Amino acid sequence: GQVFALGDTVKHAEEGWWVPAYVIQGDPSRNLKPLAPDLHSVDDLKRYPKVFSDPEIPDKGRFLNSPSGWTSETVNSQKLKAYGLDALYNNFRSGSGAALDAEISSSIRRGQPVLFYYWNPTPLMGRHKLIRLQEPPFNEKAWATLTDASNPNPQGSQSLPAKLSIGVSKAFKEGYPDLVAVFEKVDLPIERLNSALAEMSEKRIPPNQAALAFLRDNRDVWEAWLPAQVAAKVEGSL
């Protein structure tokens, strides 16, 4: 049946290339000095392959790509060419999403530099302080060259902008207008959502308990979704 997407439930659901903040800023609490203080954009990576040295190919840096078969793996492989980095960085494809998470987390735990593709909202993004590297603004024509693995001349561009919405069936939309009105206003700040997902993952909190905790800790967020009288009832129930 027909499905309707309601509102921009999560804005800035970004994907891109990231590094731990300590690579750029250092971390005095862990006695880590900045290794790439002038790293801000993908173009700056040309100066830092040795910082992200690949243990299997020491004369190149390592870029942690998505697992083979993911659409993002094709896009990232084309981006390496578009940004002139394919000769400087080994395009390392993780065996699975779990393997990608494990390598990133292991590097961060040890305070090692790591360059990787990732997306949010996800627990990993809420668990660590990360910095997204700047890319050229999104361009539809350039994006088409990145999603085509056979294109010999890919052009650089941010990944396709994404938003997350609540989907409902036609019957639901017509039968529950009050709930639809709420869903159209739902707006989950990406940083708070990442943090909630990280806590849920680390402490293995069941979804219903995590949802209640989010409501208790973020009244300023959800009160804007509801009429005042309804918000007061929800407040009382928490």
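Which residues form one aromatic cluster? In this predicted model, the cluster is made up of Trp70, Phe116, Tyr117, Tyr118 and Trp119, and a walk through the sheet helps to place its members.

The sheet is open and has five strands, arranged in the order 4-3-5-2-6 with mixed pairing. Strand 4 (89–93) and strand 6 (130–132) stand at the edges and have a single partner strand each, so one side of each is left without a neighbour in the sheet. From one strand to the next, the twist averages 35°. Strand 3 (residues 61–65) and strand 5 (residues 115–119) run parallel and are joined by two bridges, and leucine 64 stands opposite phenylalanine 116 in strand 5.

Helices pack on this sheet as well. Helix 2 (residues 71–82) lies across strand 2 (15–20), strand 3, strand 4 and strand 5, and runs at about 150° to strand 3, while helix 3 (residues 97–109) touches strand 2, strand 3, strand 4, strand 5 and strand 6, its direction making about 125° with that of strand 5.

Returning to the aromatic rings, the whole structure holds nine aromatic pairs. In one of them, the ring centres of tryptophan 70 and tryptophan 119 are 5.8 Å apart and the planes stand at 65°; because planes over 60 degrees apart count as edge-to-face, this pair is edge-to-face. Tryptophan 70 lies in the loop between strand 3 and helix 2, whereas tryptophan 119 lies in strand 5, so the pair ties together parts that are 49 residues apart in sequence. Tryptophan 70 is partly exposed, at 33% relative accessible area, and tryptophan 119 is also partly exposed, at 25%.

Methods: Residues numbered from 1 in each chain as written. Predicted model: local features only at pLDDT ≥ 70, side-chain atom pairs only at ≥ 80, totals over all residues. Heavy atoms only, no water. Pairing = 2+ DSSP bridges. Helix = DSSP H or I, 4+ residues; strand = E, 2+ residues; numbered from the N terminus. Axes fitted to C-alpha atoms, helices over the stretch in contact; angles between N-to-C directions. Contact = heavy atoms within 4.5 Å. Phe/Tyr/Trp six-rings, centres within 6.5 Å; stacked < 30°, edge-to-face > 60°. Buried < 20%, exposed > 50% of the residue type's maximum accessible area, 1.4 Å probe, protein only.
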